[in-house]
Structure formats: C-alpha cells, structure tokens
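The following exercises concern the contact between two chains. Please work through each task before reading its solution.

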2 protein chains.
Amino acid sequence: MDLSLIEGVAYLCMLVPKLDDLMMTSYGVMRDTEFFRKQKNVTVLTHTEAIKINREEKKVIARNLISGLEDSITYDYLVLATGAKPSIPPISGADLNHVFTLHHPHDAQTLKEFIKANKIKHVTVMGSGLIGMEPADALASPRLKVVLCEAESQVLPKLLDVDMAKLIESKIIESGVDISLSCRVNALEGDAEGNVCRVVTEQGTIDTEAVVIATGVRPVVDLASNAGITIGSTGAIQVDEHMMTSDPAIYAGGDCAEQHHLITGEPVYIPLASTANKQGRVIADHIGGIDTRFAPVEGTSVPQAFDLNIGRTGLGEKEAKEKGYNVVTSVSSGLDSTHYYPMHANITTKLIAEQESGRLLGAQVCGMGESVKRLDVLATALKFGAKVEDLIDLDLAYAPPFATAIDVLIHAATTQENMRLGLAKGITAETVQKRLQAGERLYILDDRELEEVEASPLPIEGTVVISLGELRDRWEEIQTDSLIVTVCGLGIRGYEAACMLKGKGLKEVAFLQGGISVTKAYFK
Amino acid sequence: MDLSLIEGVAYLCMLVPKLDDLMMTSYGVMRDTEFFRKQKNVTVLTHTEAIKINREEKKVIARNLISGLEDSITYDYLVLATGAKPSIPPISGADLNHVFTLHHPHDAQTLKEFIKANKIKHVTVMGSGLIGMEPADALASPRLKVVLCEAESQVLPKLLDVDMAKLIESKIIESGVDISLSCRVNALEGDAEGNVCRVVTEQGTIDTEAVVIATGVRPVVDLASNAGITIGSTGAIQVDEHMMTSDPAIYAGGDCAEQHHLITGEPVYIPLASTANKQGRVIADHIGGIDTRFAPVEGTSVPQAFDLNIGRTGLGEKEAKEKGYNVVTSVSSGLDSTHYYPMHANITTKLIAEQESGRLLGAQVCGMGESVKRLDVLATALKFGAKVEDLIDLDLAYAPPFATAIDVLIHAATTQENMRLGLAKGITAETVQKRLQAGERLYILDDRELEEVEASPLPIEGTVVISLGELRDRWEEIQTDSLIVTVCGLGIRGYEAACMLKGKGLKEVAFLQGGISVTKAYFK
C-alpha cells in the first residue's frame, strides 16, 4: 500500500490475526507494527481476526483471538489482503510430526532449528516449484540427504519448459540432491510417536526423517466467498483493473486476488510480492480518487537455486501451443560478459515467438551468469508487444564487465529470427535424442577445437570431430545421407559450420541449438 | 561482420595495415588472423594499407607497407571499416615522450610497463570521458598520484548531467585521485630530454611524469572523403539505414560511420563496439540480398569506474532542453536487491521525460549496485516509445537476490510520474544548494532515525531532525514560513514526510530527491 496515500484516507484500520504478520513493504521499506501504531490515523488491531463481512451495513465482524470477544468495525472501503496459504495435498500423514510447510520466514527458521537439534540426515521435499527448490538447495550438503519428489515429469513444471528444466536437473544432481520425477506422493507414514518416517510414492517408498510440503499455495478467499463476493475461475478473488471486487466498496490485492495475463488476456493466479506491491498502490490511488489501473501480468518469475539464476516471462512453449499459437522457439547459449573478465558465466536463453508475425510470446533463461538482466529486458519488450526482430536492434549497454559486444540476448534474438525466416535450421538436443533413440542415423559433427573436445567430449557414439577452422579444408570427408548435426560449445560455431556446409551444397544440415552446454543435459 | 554471411560473398579480401589489427568479433567470438587465413574464400592482406579508392573502376589501390609496392584490388562491394583514432588537442608538447593515448590494448600494456619500469609517481589524465575514467581508476593507488584534468565543469560531460556526475566526483576524490574541473590544458612542457614534465592549464601548472591524452576519438575518413564519399555533419561517413554510403557499392560501419539518434532523428557520432557489431551484420545481410536495416541508436553507454556502474541512454536533461523539449526529471535512490541479501547496494536513477506526454526521453544511472540491469530495461523501454507511466507497470523479475519487491526502477518511475502530475513536489540537491547560497532560508527537515543521523549527519547548518515515525506526534513543532525540505536516506521517507505535512495543511513542502546519498555530493 502506498503509505503516502493513507493520508488521503480518513481512518485506516488493519486487522491482523497474529502479532508478527504485519510486515508491509512501502517502496521496499519494511514497516513493523509499531510504526503503524505510531501513526495516529492508522489503528492496528493485532490478534484480531475478521470473521465475516456484512456488506449491506458495511461492517466487518472481528474476533479478538485472546479474549474471544466479537466486535464490528464499519468501513467506507474495505481492502481484502487475506493472502495465500500452503496447498496441502489430500494424502494421509500430512499432519504427522516433522512435516513442514514454508510460508512465513519463521517456518524456515523452525525447519532449520529442527534439523540442527536432531541431527537430521534425510529430508524429503515434495514439489520442485519455486517453493521447493530453495529448501532443497539450502539444505543439500554432504551430511544431509535431500530427496526432491516431483509429481510432474520435470522440475519447475509451472515455470519452465522441459528443455530448460533439464539444464537445472543436471545441476541439482551435481549438488548431491536426488530428484524423483513423475513421482507422485500417495501417503506419508509415521512411526509409533507420530513422527514421519516414510514417503510412499508411485515409484516406491523413501525413508525420511522430515518432509517439506512445497506443492504450491492457494488463495485465502473464505471471507470473500462467504460474503458473496465473486471468486474467479482461478480460485482467487475476481477483481477489475482497479483491484475492485464485485462489490465496489471492497477491493482485493496481493496473494488472494487474481490477475489477467498480458498475452492471453485470461485470468491467472500468479501470486508474487512484486505484484502485491504494485496492487497496493493501485488500490490506495483508486480509493483516493486517482484513476490508476493495474496492468496485466506477464508472470515474470525468477528463482535462484543451485547456483543458477532461473527465470521466465510470458508464455512457455508448451503453454503457447496449448493456447493455439503456432510457435517457433530457439535455445541459445552465450557468455553474460566478456571472456577476459573473471566473473563471466554462461546463460542459456529460450525465446518463444509466433511463427507468422515473429511476435515475442515468452522467454526463459537459465545460467550462472546475469540471466535476470536479460529476462527483465525481455519482460519489458513483451510489455510493448515486441517482435523478436525488434530485439536484434536493442541498444543495450555494452562494456566488457557487463556484456559481450553482441549481447547474448541479441545473439538469441538473431538466432531465433534466422530460424523463423528459414535462414537457419536448428535442432534441439531433445529432438536429437528422440531421433537417435528411435533408431535414426544422424551424422553428428563436433566443430570444437581438439582440446575442448578432450576436456568435455560429446557423449554421443560415432560423433565426428572436425574443428570449424579445419572444416573448409576437410568438408569433403563428410560422406553421408543422414542429417548432419553440427555441435559446438555454445551453438555459434555449429551455426557457422552449418551455414558453410550448406554453402558447399550439403542439403540436410542443422546446428544443435545451445551447443554442448545444453546437449549434456540430454546425453550423459 | 556476420561470418555466416561471408558464405554468400564469393570473395572477401581484408586489408589490414598491421598484423595485430585484425580481431573480429562474430557473436562475441574473437577471431584471429590465422582463422581467416584458413578460410579459403577469405584473403587477409596484413601490412597492407588501402591508400585510394578508384570508384569508377571499383578498385582499391593498396600499398604493402614492407615492400612499399602498390597494387590494385577490384571489388564488387567495398566495406569501409577504417575505425577511429584518438583525438589529440592542438596543444604544444603533445608529441613529447611519455605522452600516451589509449586506443589498442597494447597501448594500455605499454603505459603499465612504463609506469612500472620507471617507478612513476605522477600521472596526469587529460579528459574524464569514457576513455579517461578507466586509466584514472586503474592507476590510482597510494603510491601513484593521478590528476584528472577536465576542460568541462564536470566529469563524463558527454555522458551525464551535472547532478549525476557529482555522485561520481565524490567517489573519485575518495579514491585519492585529484580532479581539476573547468581546467583546459594549454600546453605540455618537457625537460631537456624531451620527456613531459609539466602540464600547463588555465588553473596553473601540474608537475607530472606522464600524460594520458583521453580527449575522445575521431573517425578515420580520409580514404572515404578523398574518394568523394559524403562525410556527414558529425565528421563521420554518412550512411543510410543499410550502412550504404553515398556510393551504393560502398558500405561503411563501425567507428568511421555515423548513426542516427532514436529520439531526435539527427545524425550522431557515438562510436561503440556493440554498434559496430550490429552494423557488421546489417552490411553482410544487405550485400547478401537480405533487407536488414540498422536501427537508430539511443547512445546507451556504460563505464565501470571507481566501483561504480555508470550509464546513460537516450537524451540527458541538458541535451533534451537544448533540443527544445519541456522536460521533467527525477532523481531517485534505492537498493538493487533486498537489504537482507549481503550483496545489496545502492543505485541512483535519473529519469528524463517530456512534461506534456510523459514520454521517456532518457535515463542515467549510477551506483555500486546492479544499475546496468535497470539501464538495459530503460533502453528497451525507450526503443518502444515508452511513457514513464508504462514503467510503473513493468512485470520485472523479483526475488530477494535480484531486486526489492518494488524494483528501484519502478520506484523511480512512480516518483517521476507523481512529480510530473503534480502529486509530489521534489527538489534537487543542486537547487537546495543554490538557494541556500543565494541567502534564502529553507527549513531542512531530516526524517531519518537518530542512529542514522549520527552515523552520517546531513552537513547543512540548522537542519532539524524529526524521524518519520515521530513526525505525526511532533509536526506542530514545525513553525516556519520557509520552504520545508524533507530529507532521508534515499528520498522515500522524505517523500512520505512531505505528503504527511501537506496533509496537515503545510503548503510549501518538497522532498529532497535521491535523499542524503545524493545530497552529500553537494554538501560536504
């Protein structure tokens, strides 16, 4: 909520069930209960739960959780900020001891202290979404075995397409965490003392000493729905662009309210702190008589886990296809800054665009490098309806500590646009894997220098190594009727090799998108 | 140059005066001479200087710099990539020993070795632009005195407005470098051996043992102008959107060619590696029959110096006013990531917009934090003609390691838009300084907590300290007819305090933009 606008509201009363639940962020500044208590026209009622809304009389019935007494509070405008709570799957044993959820910072502290005090050696995390990834990363250590159970066939299923998720799976395994994919949990079992000791899954049982349930959150809407306020198709409170509910005196914002998606126009439920903050300003403005609107969201989300900066904005490939778009995608890898700067690191970028128009529909990034900078640029471009060809022109900041002269994002956009226009033919590691598994012969040509190949060989049998520098002298050695797949470290030399071979008259040539850094997630 | 498109060109011949001048970047991959020599349809002629273009016969007259023999090379298309060279001011002594310029990486190496071998203790850098800042930063040490001489009244005069430059000046001084502003150099004087020993400036003489001339670059256009190719008003080669010169068989790209500015539409000369790379692709595409265009530039530039990430895109305030825009500006400070993350740091953002429409015209950033991420977002928004109000809605990536829940950029945009609409009244540190110096009384109200004030007091005499939390109880203590200027750490609480006081009926209140982090550059 924009505190400056509280001035415009005669009387503001906040109901907070717990004492410590009031942590409001105004422009990033944390405020505690005491701050609000000091503000004479803000009344903070802690240990007070709103139990019913009487819309006719514009009253909230509130119960003091200590005395048990009920009282009613009148309002001109009511703002519902009831948030979300962890979604617990309907399995037996979810109420056993040592089964945790992560919602409040205190929950993380409790889990940490429990593990330390009891010298816990096995923790199972249910769910590999934004909430599950962080504890799996934070807890993983040589002395503590973490098993990540995911019902879907990939990690971060709501965030990433499967090809991008593969890149993270490799890193998770490297860090010593076990991942069980397509592994729905059917029950938790406890010992005689009621402490969880086993996770029963579709793939067998896992012995464990603690379980973290991280299977998402759901909006808290009981107060609203009991008062007859419209709940949207997403299960969250339906609001208009001013965050107004079906009752014009009642607004809703934050994790209890739904949003609209910029690309599809459809209602979505993507609860994020950044969204909640922006909505607070819109609500305060609108109550104060200023016609501010909350814009549609792109679902930009970005976890940091397992040394990777991971993110997405807009639609994923799978989602876009489900929505009926004819999509073209590219996967490109590159360095986030110049190779002679010590901190440079790799980034892989996936762009999803509409085949016909070239309009950007979404993007996904992953890497140890500064991928979030590129994601923010892509989120900004998406907001303005950018086509991928517009990205090629972006006048992004270049200096050696910050980027390469051709930014990795511009390289990704050029690759994508060349593919869309048919100037370049790429093939994904997933497709190569599938076609090889189906028994098809492919001519895999590794274009890297010999020392690179020796340091990190491509684990595909029959791969031919001819470096790009030598290819012009040796291309006639390539005698094949199969599709030639050119592979290099990042995809760039593979692309150049493919162009060269096509120039020599070889017809069936495709470069492996994203190079070996992506390929290794499929071939081990 | 897009190497992939070299395939489409039957024969490519490169003329390179020196052996080591050929370092081409294709998608960020450095290529050396040997690479090109291996490519059978690329001929590299090193130690060979193009001395004349015969446009009628489509021939280049080239001289072998070792044998002295001349030869002619025919072309279908000719690409001029003659680059730029350091601009040496017309002063006496510029040819003395130990006067350096920085153009090639070797130049930096030579300077470094000279300083080391001769135990140099005093270096004078002429010019505080992009080229001068880096050696001043790199050389500064307790054992080596660096003096930065700048003819203009601020550092980075072509990059930043004076208020943003002030932030950097503080950091330069902290690092032990002396800055002399408005200090034009009239001559360099040497000793009996012809070694530079004194810099004669408008403000007196400086004893020195070495001088770095870093007063910009100018395009190398002799070859083009001697051939009658049109040189633009900027002094660089005029080109169209395909990088074609006035001769349709001759293209020019990189540091010898001019660009057009996105906002003004006017020709500009902003030589950058990122621009050169993009232009290479456009030239190769166009020669190859693909209708690619080079987009207007925004002049996005970003040095890293004195632990600061500094940048600009679009027009500065001064430039925008000179071009006749009615501008509104804001200066905002904030953290680049959450305060509980160890790596968080401050960023100051200046936004320049058109008063009437709110259209973004330009932006400048400075800080130890991730300011370049925000600059890239702003450069992207600028490309799409964004209004500042559009920035408020941006769905940027939020997670605690990457941003605050309200990103510092969104905070800047909100502040700017509130100011443009008259909802908030800000005042700059520069204006406060000028008005106080002119003898005006201002009521300076520091809203920070006492411990913050004690740790870093505001150096303005008569400042009253009432923390924001206490202000609602104590506002009646404020008895003044003067303008009340509310100040805090970053500007946010100052803004809230100003809103509150205006709510209490005090009419003349303004918050100090950017808070104390900006103010300290003006008040010491």
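**Exercise 1.** Determine how much area is buried between chain B and chain A, and what share carbon and sulfur atoms give.

*Solution.* In this predicted model, the area buried between chain B and chain A is about 6900 Å². Carbon and sulfur atoms give 60% of that area. As for the residues involved, chain B supplies 71 to the contact and chain A supplies 72.

**Exercise 2.** Characterise the polar and charged pairing between chain B and chain A, then describe the side of chain B that touches chain A.

*Solution.* Step one is the salt bridges: the count between the chains is 4. A salt bridge joins B:Asp376 to A:Lys373, with 3.7 Å between the closest N and O atoms; this distance satisfies the cut-off of within 4 Å. Step two is the polar contacts, for which the count is 12 residue pairs, both residues being at pLDDT 80 or more. Step three turns to the side of chain B that touches chain A: helix H9 (residues 371-383) of chain B gives the most to it, with 9 residues. By class, the residues of that side comprise 36 nonpolar, 16 polar and 19 charged.

**Exercise 3.** Which rotation and shift superpose chain B on chain A, and why do the copies meet through the same surface?

*Solution.* Chain B is superposed on chain A by a rotation of 180 degrees, with 0.0 Å of shift along the axis and an RMSD of 0.0 Å. This is the relation of a two-fold axis. Next, compare the interface residues: 100% of those of chain B are also interface residues in chain A, so the copies meet through the same surface.

Conventions
Residues numbered from 1 in each chain as written. Chains lettered and ligands numbered in written order. Predicted model: local features only at pLDDT ≥ 70, side-chain atom pairs only at ≥ 80, totals over all residues. Heavy atoms only, no water. Contact = heavy atoms within 4.5 Å. Buried area = accessible area lost by both parts, 1.4 Å probe. Salt bridge = Lys/Arg side-chain N within 4 Å of Asp/Glu carboxyl O. Polar contact = N/O pair within 3.5 Å; in protein donor to acceptor, adjacent residues only side chain to side chain. Helix = DSSP H or I, 4+ residues; strand = E, 2+ residues; numbered from the N terminus. Nonpolar A, V, L, I, M, F, W, Y, C, P; charged D, E, K, R; others polar. Least-squares fit on C-alpha atoms with pLDDT ≥ 70 in both.
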